[in-house]
Amino acid sequence: MLGKIKSNTHHDIDKEISILQLAVEVIPDGHADKASWLNNLGSAFQSRFECLGELRDIENAIHVKQQAVGLTPDGHADKASWLNSLGSAFQSRFEHLGELGDIENAILFMQQAVDLTPDSHADKASWLNNLSSAFQIRFEHLGELRDIENAILVTQQAVDLTPDSHADKVSWLNNLGSAFQSRFEHLGELRDIENAILFMQQAVDLTLDGHADKASWLNNLGSAFQSRFECLGELGDIENAIHVKQQAVDLTPDGHANKASWLNNLGSAFQSRFEHLGELGDIENAIHVKQQAVDLTPDGHADKASWLNNLGSAFQSQFEHLGNLRDIENAILVTQQAVDLTPDSHADKASWLNNLGSAFQSQYEHLGDLRDIENAIFFMQQAVDLTSDGHADKASWLNNLGSAFQSRFEHLGELGDIENAIHVKQQAVDLTPDSHADKASWLNNLGSAFQSRFERLGELRNIMEAIVAYKKATENTSGCFLIRYNAACHWAILCSKHLNPFSALDAYTVVLKIIPQVVWFGQKFHHQYEELPKIGRTINAAAAMAISAGDLPRAVEWLEEGRSIVWKQILQLRTPLDELRQQHPDLADKLWRVSLALDNAGTSSFQSIDSKIKHKSAKEKAQNHHRMAAQYEALLQQVRELDGFSTFLRPKKFSELAPAASNGPVVIVNVAELRCDALILCTSGEIVPVLLPTFSYRQAETLHLKLLSSLQAHGVRDSRNADRATHLAGKDISDHFISVLADLWFHVVQPILSELEQLYKNAHHSLPHMTWCVTGALAFLPLHAAGIYGDPTKNVNISDFAVSSYTTTLTAMLVSASKPKQDLTKTPSILIVSQPDTPGLPPLPCTVIEVEAIQCYAPPDHTCHLTHELATVAAVVDEMSKHEIIHLACHGIQDIKNPLRSAFALYDGRLELNTLMRLSLENAKLAVLSACQTATGNENLPEEAVHLAAGMLATDYPSVIATMWSIGDRDAPLIADKVYANLLGCRDSSEDQKGKLNPAYALHEAVKHLREEVGERNFAKWVPFIHFGV
């Protein structure tokens, strides 16, 4: 590339130099070949310098190459070659001494070489590539954007000038990809990493497996895929990274100088995937290949310590997953070796010390041995002491040291430790620019240290300092969504406990602003259902605080936002982003990518070094994060200016929600640790608060568990053999029910009904209709059956005063209410699906009687009955859009892990919710789910009843009749008979049409009849039937 002498040893080069020096001395300056000999002599000096590293040689190389250039006129055919060669010598000296003047001279002479060379010249592309390399080196030294832009520009020219068949084309493509990757790591612009992958992939595709550089191109391509994965978190990228890095390893023999490097990088990709998916095979592979990298590398090798450190990181990762003590011992052992092999002056020594401290802290948290936390502090302190304030990682080391001091304080209670923790965490905060992604994390940790000191000393100023730190963390828009959310929660809880409701309200306003971003964009949250109950409880606490402060509309808005988010997550419904993508795909894609990049911008406490990853200063990182945060906010603003997207990622305003009560009051019950309240949404748009002073969060959970254990003990929740189960249960289950229903009556329902009675006095000549929208454990409790049973003198229950329905959210009611009202004079058409004998499931013989009962009321020309082998998935799907009512008399199957796979069991398979949700059911009016487990929630997610009924509401049915648990096979026909009699049987009667034709009223009357038939204390039989929707 640079016209170097091809010699095997420095002795050969010594001979070359002697011969060339003699030639140069005897040839006069005017001779045509003098410049050529001088240039060759310079190249020989440069070769010896690269072999032995003696400075005199590179100085001689520069001196004689300058003479060669000076002797050659601009028009001469070789002038450009000598200039390029001189530039290369300056670059070589810069790489040795780091003197800025050298890289500037390198660029100057290489640029002249390029300018003197026409595009058609065979070497033009090579000179351009060399110039690019010099620009890239100066960029890595100074960080000036202009240099990397010039590097990209000239490498692109080199690529464009070179045909695919040319031997060097692949090298230029690889270098162009590498330049784009450098700019991506500086600016974080996704376009750049995409271009890096594009050009590196071309380099790989154009290179045969036997080619000496193929493995190198594969390794670089893998590194680019991994860079994009770490930015966006898309699984395909890390899989590609592993695949191509594995190829690089496979193509490289063990003796090869780069084999250990490729193995280390492959290990880094496996570890990256492990941290994303948690699959044990990945961390085992990471350890295996990183161990190979270490084993292949002699102790004197420059990279040995780096490979040991990375192996330590993999052991620690496995320890944190499995808790196996041997792993953390190995992590400490190999990281200690990395530290011992590295002189204090080495740039990475502080990083290895920090990691060694982190490993000791991990072991301390597992074993509680005080010596471990003392070692952690000792090594972390050394890391801090070795690192200058301007270093990109100084703040991170300080933050980690602070955490170690705080850990020891929590063990020993010595005040000096918490003082030190606050001191060093404050330094971490002060050293970090405001726009840096990690600033929020350091502030959050500082807040935690202040809180720790308050808990020990009780000084209120510590609470104020903690609140200030948490508040600042939430304001750092460059920070990770989840960290800002956690800081906002801490801020809100401290205000609730120690200040006043109004200051807590400010904090909760921030919490609610961040929640949609955490849920819809937070990579660390995505589909992690275990986070949902926590978020649900936070929203309940926020609403309780809004009620305390007297801001009832805000409480309604927040509860609706919370339930809507949780429900959409659980049922995997269309998210706000999906809705945006449908109408504005490019904008949605931009927003998604920027938000993921922003959410992944932080660093981990344990530094693992891939040999391709370069360090940036804290200031550069902050500028990058600030630019991303500004881009994110600008895109959000752009979305909110679009028609129909004004509330994108914001709670709906109360004025939009109030119409949900247009057909009767909606009662929202909020169960929080602070307090329990009902908010009655009246048809007038007014919100009436009802304090429930004798009810509590704990009591709701106790009642839920009481009911659950009772049902599970007798098998009622598991099958449609409820007849046998309730018979076996006898008095026991009845007593449980009696106490649960009585508690619900006294503590929840009666206070609400008293208020409703005042509001709706004489408003109805029939029973009023009310809709329950409940949170927490109440989502599993039968409020519609609350009352006192078993004492004729005191007997009273809710059904004497109102007809009850349930809704998942107010928005679901608004969507349902927007559908055209049913024409009461028109007979609806009904699709009846029954499965008396589903293959592979217990028989349901009474479904035959159930169908006959429906057919008594529905004219044959208005019904379609699919049963046995006719009730296939395809046949049912085909008929659904043609009918207003669907009646499903079959087994229902809940799939808690993947709720969209919850299904109705048909003759040839499962009719799943995700299939139903893709249908357009414009005529849909009512779904009757006479099936097992149709409204049974997942008890681990009490904030949201996960059930087929909720799914059916989401598939366009405005009204759904379902069951809270498995029902008796003989009870279903009784209910069907009375429901359809009320819906259809009296359509020519002059009696109150609403009472006869509204599904909620029809079910109310049917259940009343069933209760009389089976006895009111046979609760498991009549309580499960419920109505959802309008």
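Buried means under 20% relative accessible area, exposed over 50%, and partly exposed in between, with a 1.4 Å probe and protein chains only. The model is predicted: local features need pLDDT of at least 70, side-chain atom pairs count only at pLDDT 80 or more, and totals for chains, interfaces and linings use all residues. Residues are numbered from 1 along each chain as its sequence is written, and side-chain values use heavy atoms, with hydrogens and water left out.

**Exercise 1. Describe the surroundings of L926.**

Task: state whether L926 is buried or exposed, and list its contacts outside the local sequence.

Solution.
- Step 1. L926 has a relative accessible area of 2%, so it is buried.
- Step 2. L926 belongs to strand β14, residues 926-929; helices (H or I, at least four residues) and strands (E, at least two) are DSSP runs, numbered from the N terminus.
- Step 3. Contact means heavy atoms within 4.5 Å. With neighbours within four places in sequence left aside, L926 is in contact with E884, I885, I886, Y957, S959, V960, I961, L983 and P999.
- Step 4. For I885, 41 residues away along the chain, the C-alpha atoms of the pair are separated by 4.8 Å.

**Exercise 2. Put the chain into totals.**

Task: give the counts of helices and strands, the buried share and the share of contacts between residues 24 or more positions apart.

Solution.
- Step 1. The chain has 40 helices and 16 strands.
- Step 2. Of its 1030 residues, 58% count as buried.
- Step 3. Among contacts with a separation of 6 or more, 70% involve residues 24 or more positions apart.

**Exercise 3. Trace the pairing of β2.**

Task: find which strands pair with β2, and explain why β2 is described as largely enclosed.

Solution.
- Step 1. Two strands pair if DSSP finds at least two bridges between them. Strand β1 (residues 666-671) is joined to β2 by six bridges, and the two run antiparallel.
- Step 2. In this pair V671 stands opposite C676, and four residues lie between the two strands of the hairpin.
- Step 3. Strand β3 (residues 687-691) pairs with β2 over five bridges, again in the antiparallel sense. Here I680 has V688 as its bridge partner.
- Step 4. The β2-β3 hairpin has five residues between its strands, and G685 in the turn has a positive phi of about 95°.
- Step 5. Six of the six residues of β2 (residues 676-681) are buried, so the strand is largely enclosed by the rest of the structure. Both faces are covered, with C676, A678 and I680 buried on one side and D677, L679 and L681 on the other.

**Exercise 4. Analyse the packing of α18 and α19.**

Task: what are the angle and the axis separation of α18 and α19, and where does D417 sit?

Solution.
- Step 1. Axes are lines fitted to C-alpha atoms, for helices over the stretch in contact, and angles run from 0 to 180 degrees between N-to-C directions. Helices α18 (residues 394-412) and α19 (residues 415-431) pack at about 160°, and their axes are 8 Å apart.
- Step 2. This makes α18 roughly antiparallel to α19, a label for angles over 145 degrees.
- Step 3. Residues of α18 that meet α19 include L398, L401, F405 and F409; among those on the α19 side are I418, A421, V424 and L431.
- Step 4. D417 is in α19 and, at 4% relative accessibility, counts as buried. Outside its neighbours within four places in sequence, D417 is in contact with F405, R408 and F409.

**Exercise 5. Order a sheet and find its edges.**

Task: give the strand order of the open sheet that contains β12, and say which strands are at its edges.

Solution.
- Step 1. The order is β11-β12-β13, three strands with antiparallel pairing.
- Step 2. β11 (892-893) and β13 (909-912) are the edges; each has a single partner strand, so one side of each lacks a neighbour in the sheet.
- Step 3. Helix α34 (residues 873-880) packs on this sheet, touching β12 and β13, and its direction makes about 30° with that of β13.
- Step 4. β11 pairs with β12 (residues 903-906) over two antiparallel bridges, and G892 stands opposite F904.

**Exercise 6. Examine H868.**

Task: where is H868, and what is its phi?

Solution.
- Step 1. H868 lies in the loop between β9 (863-867) and α34.
- Step 2. Although H868 is not a glycine, its phi is positive, about 45°.
- Step 3. With a relative accessible area of 36%, H868 is partly exposed.

Note on methods:
Angles under 35 degrees count as roughly parallel, over 145 as roughly antiparallel, 65 to 115 as roughly perpendicular and the rest as oblique.
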